Amino acid sequence: MIHAAAKVQAAGGVRTLAFDASAPLQLANGEMLAPLTIAFETYGALNAERSNAVLVCHALTTDQFVASPNPVTGRPAWWPRIVGPGRPIDTNRFFVICANVLGGSMGTTGPASLARDGQAYSLRFPPITIADMVRAQSMLVEALGIQSLFLVIGAGMGGMQALHWASAYPKRVFACATIATAARQSAQNIALSELGRQAVMADPDWRGGGYLAHGVRPAKGLTVARMATQVASHSEASVRARLNDAHKRERFSFDAGYSTGSNTSFVERFDANSYLYLSRAMDGFDLAGDFGGRLANAFQGGSTRHCVFAFSSDWRFPPAESRAVARALIAAGADAGFVEIESDNGHDAYLGEEPQFEAALTGFVDSCATARELSLHGGA
Amino acid sequence: MAAQLELVQGAPLDLEARPARGDHDVIARMVSDGAKVLDVGCGDGGLIQLLTRECKARARGLERDKAAVRGCVVRGLSVVQGDAESDLAEFPSGGFDFVVFSHTLTHLAQPRDALRQAGRIGERVIVSVRNAAYMRTRYRLALSGRTPATQTWADGELERRCSIRDFAELAREMRFNIETAIPLTNGRPGAPFAKTIWRANLFAEEAVFLLTP
C-alpha cells in the first residue's frame, strides 16, 4: 500500500520512493521541501498484522545498505553482525527498513540532488535537523503501510534519530534501542565536526560549495573530515597502539585504521556538501531543548520500551551521555534498560564483534518481540 | 514497638536444603498481581523474574554492577545500570506500587536517604534485612568471641550489621508504618516463638518488612 503521491523506482540497484510535489516535506525551519525522494532498502517480510517492522537509522557516514553490499560502491553491508538471518535483528523474523537519511547522498534528496531548476541544490539546500530526517522516514514508513514500528534502532546520528522517533511518535514506536549516542551533541563532537567542515571548505575544489557544476570534488578536504571522526572513534588504547607503530616506522602520520582504499571509496560515494549538512544537523541536536530543557519531558507519557547501550571506551559518545538518556527515561517513568558494554574498541565498537553487546541486544529485542506477541518466524 | 509479627507457619524443623533466597518467596507473596515494582539492587534479576512469573508484575531493576546488568538485559529484563544513592532521586514520585530492597539497603552508604526516596517513589516499600542479633550469632560471639562475619577483613564494601529491632526502629523513626514483618529462619518463613519483634530479634535469621510511607 503505497501513498498515492509516491511511487517506487529502482535504478542501479538503489531503490527509491519518490513523492511528488503534492506531498512535500515540512521542515523544522518552516520551509517545504518538494519533490522528495527517499532511497531505502528492506530485508525480510512484513507479517500480516504489519507488526514486525524494524527501522534502522544509519549513522553520519553510512547508508541504507545495512545488511547487503552497496551496489554503487561495492562496499559490504555495514552492520552484518546485527542485521541478517539469525542475527540479533533476525531478518527471518522481522521486516527491516533502512532509509538513506534526508540530506544524504545515496539516493535520498540532499544537496547533490537536482533542484527544480535542473541544477544541483548545493548550498541552496535548506538547513535540516534530526527532526526533519525523522519526519522524512515517517513519510516512508507510512507509505509502506506501517502504522506502528516494532523497533527503531540506531547508533551515533542514528541513535539521535531513534530518540527523536520515540519522543515525537511514541505511539508508533513499540521499542527503541539507542546505541552509543546522546540526546544532545557534545561540545567536543561539535568541535570535531567543525574541524571536518572547515577542512572541506578549505579544499580549493570545494568551489564555494558549487563543485558539482565544475565537475570536481573536494576529495582531500572530505578525507580529512572523515578522518577527524574516524580517529575520534578509536579508543585511547587503540590510538596509542597505532601511534607507537607510526613512531617505530619513523612516520609522521599514523594509520587511522581504515585502508586508504576504503577512504577513497568513501570520498567518491559521499557528497561533501552532504557531510556539511548532516554534521550540522547533528550539532544542532538537543532533544531537551524542545522540552524546556528537561529531557524527561521528551519521553513523558510514552509506552515505548527503551534500551540504551554504551561502550566503556567510547569518547565521542561516552557512557555518561547514555546514562543521561537513561536517567531521563527513568524520570519519565518509561520502561527502560541501560547497559554499559566493556570494550576497547571506542565508538565504532557497535560495528565490530562485541559478543556482550550482541547478547544484550538480542535479549532486549526478543523480550520486546514476546511482549508484542510476534511469532519466532515472522514474515508474510 | 507494639507491631505484631505474622507467624506464617511453624518453625522449620525439616533439614531440607535451604532455598537460596528465602526472602524472595516472601516478597512474591506481598506483591499484588500486576503491580509495578522497582527492585533496587536487583543483582542477577532473579527476583524480577520471580515477580514477573508469579505475580504478573511489571518489575524493573536498578543495579550497580555492570556485569550483572548485562546478564539481566540478556535475559530481557528492564534493568538500568546505576547507583541507588544518586539515581533513586530521578524516579518520579508514586511511579511504582512497590519499591524493594532485597538485602540491599544495608549495603548503601546512605540507607536513610535511599529509604526516604523509596517512600516517595513507591506506594509501599519492602525491605529484607539479615538479623545481626540472631541467637546463633549471639552464641558464637559470646562463646568464641568471634563475629560471624567471614568478611570482616574482606576487601571492598562491607554490609552494615543491623538487627530486626534496629531496622524496626529506623522505620519508626522515619515514620514508616510497618504493615507486616515476616521472620525467616533457614531461608523459610517462620521462626520459633517469633510473635513479637523482641522475640524475632533473637530467634529469626532474617526478616522481610512491608512498609507504608
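**Exercise 1. Which residues are linked with A:Arg81 in a network of salt bridges?**

Step 1. A salt bridge is counted when a side-chain nitrogen of Lys or Arg lies within 4 Å of a carboxyl oxygen of Asp or Glu.

Step 2. The network that holds A:Arg81 also contains A:Arg87 and A:Glu358.

Step 3. Over all chains, this rule gives 22 salt bridges.

A note on the model: it is predicted, local features need pLDDT of at least 70, side-chain atom pairs count only at pLDDT 80 or more, and totals for chains, interfaces and linings use all residues. Residues are numbered from 1 along each chain as its sequence is written, chains are lettered from A and ligands numbered from 1 in the order in which they are written, and side-chain values use heavy atoms, with hydrogens and water left out.

**Exercise 2. Describe three salt-bridge pairs and state how accessible their residues are.**

Step 1. Fix the terms: buried means under 20% relative accessible area, exposed means over 50%, and partly exposed lies in between (1.4 Å probe, protein chains only). Helices (H or I, at least four residues) and strands (E, at least two) are DSSP runs, numbered from the N terminus.

Step 2. A:Arg124 and A:Asp117 form a salt bridge with an N to O distance of 2.6 Å. A:Arg124 is partly exposed at 47% relative accessibility, and A:Asp117 is partly exposed at 46%.

Step 3. In the pair of A:Arg184 and A:Asp286, the closest N and O atoms are 3.9 Å apart. A:Arg184 sits in the loop between strand E11 (173–179) and helix H3 (187–202) of chain A, and A:Asp286 in the loop between helix H8 (272–283) and strand E12 (305–311) of chain A, so this salt bridge ties together parts that are 102 residues apart in sequence. A:Arg184 is exposed, at 54%, whereas A:Asp286 is partly exposed, at 27%.

Step 4. In chain B, the side chains of B:Arg21 and B:Asp23 meet in a salt bridge of 3.4 Å, N to O. B:Arg21 is partly exposed at 34%, while B:Asp23 is buried at 1%.

**Exercise 3. Work out how helices H1 and H2 of chain A pack.**

Step 1. Two packed helices are described by the angle between their axes and the distance between the axes. Axes are lines fitted to C-alpha atoms, for helices over the stretch in contact, and angles run from 0 to 180 degrees between N-to-C directions.

Step 2. Helix H1 (residues 130–143) of chain A meets helix H2 (residues 157–168) of chain A at an angle of about 70°, and the axes are 9 Å apart.

Step 3. Classify the angle: under 35 degrees is roughly parallel, over 145 roughly antiparallel, 65 to 115 roughly perpendicular, and the rest oblique. H1(A) and H2(A) are therefore roughly perpendicular to each other.

Step 4. List the contact, where contact means heavy atoms within 4.5 Å. H1(A) contributes A:Ile130, A:Ala131, A:Met133, A:Val134, A:Gln137, A:Ser138 and A:Val141, and H2(A) contributes A:Met157, A:Met160, A:Gln161, A:His164 and A:Trp165.

Step 5. Sort these residues, counting Ala, Val, Leu, Ile, Met, Phe, Trp, Tyr, Cys and Pro as nonpolar, Asp, Glu, Lys and Arg as charged, and the others, Gly among them, as polar. The contact of H1(A) with H2(A) has 8 nonpolar, 4 polar and no charged residues.

**Exercise 4. Find what is buried in chain B.**

Step 1. Chain B has 8 helices and 8 strands, and 52% of its 213 residues are buried.

Step 2. Take helix H3 (residues 66–74) of chain B, where B:Ala68, B:Val69, B:Arg70, B:Cys72 and B:Val73 are buried. The buried residues of H3(B) pack against E12, strand E13 (335–341) and helix H10 (355–371) of chain A, as well as strand E2 (58–63) and strand E3 (79–81) of chain B.

Step 3. Take B:Ser163, in the loop between helix H6 (135–144) and helix H7 (164–173) of chain B. B:Ser163 is buried, with 7% relative accessible area. Apart from its neighbours within four places in sequence, B:Ser163 is in contact with B:Asn131, B:Ala132, B:Ala133 and B:Asn201.

**Exercise 5. Locate a cis peptide bond and a positive phi in chain A.**

Step 1. The cis peptide bond joins A:Ala34 and A:Pro35, with omega about -10°. A:Pro35 is in the loop between strand E4 (32–33) and strand E5 (36–43) of chain A.

Step 2. A:Arg50, a residue other than glycine, has a positive phi near 55°. A:Arg50 lies in the loop between E5 and strand E6 (53–57) of chain A.
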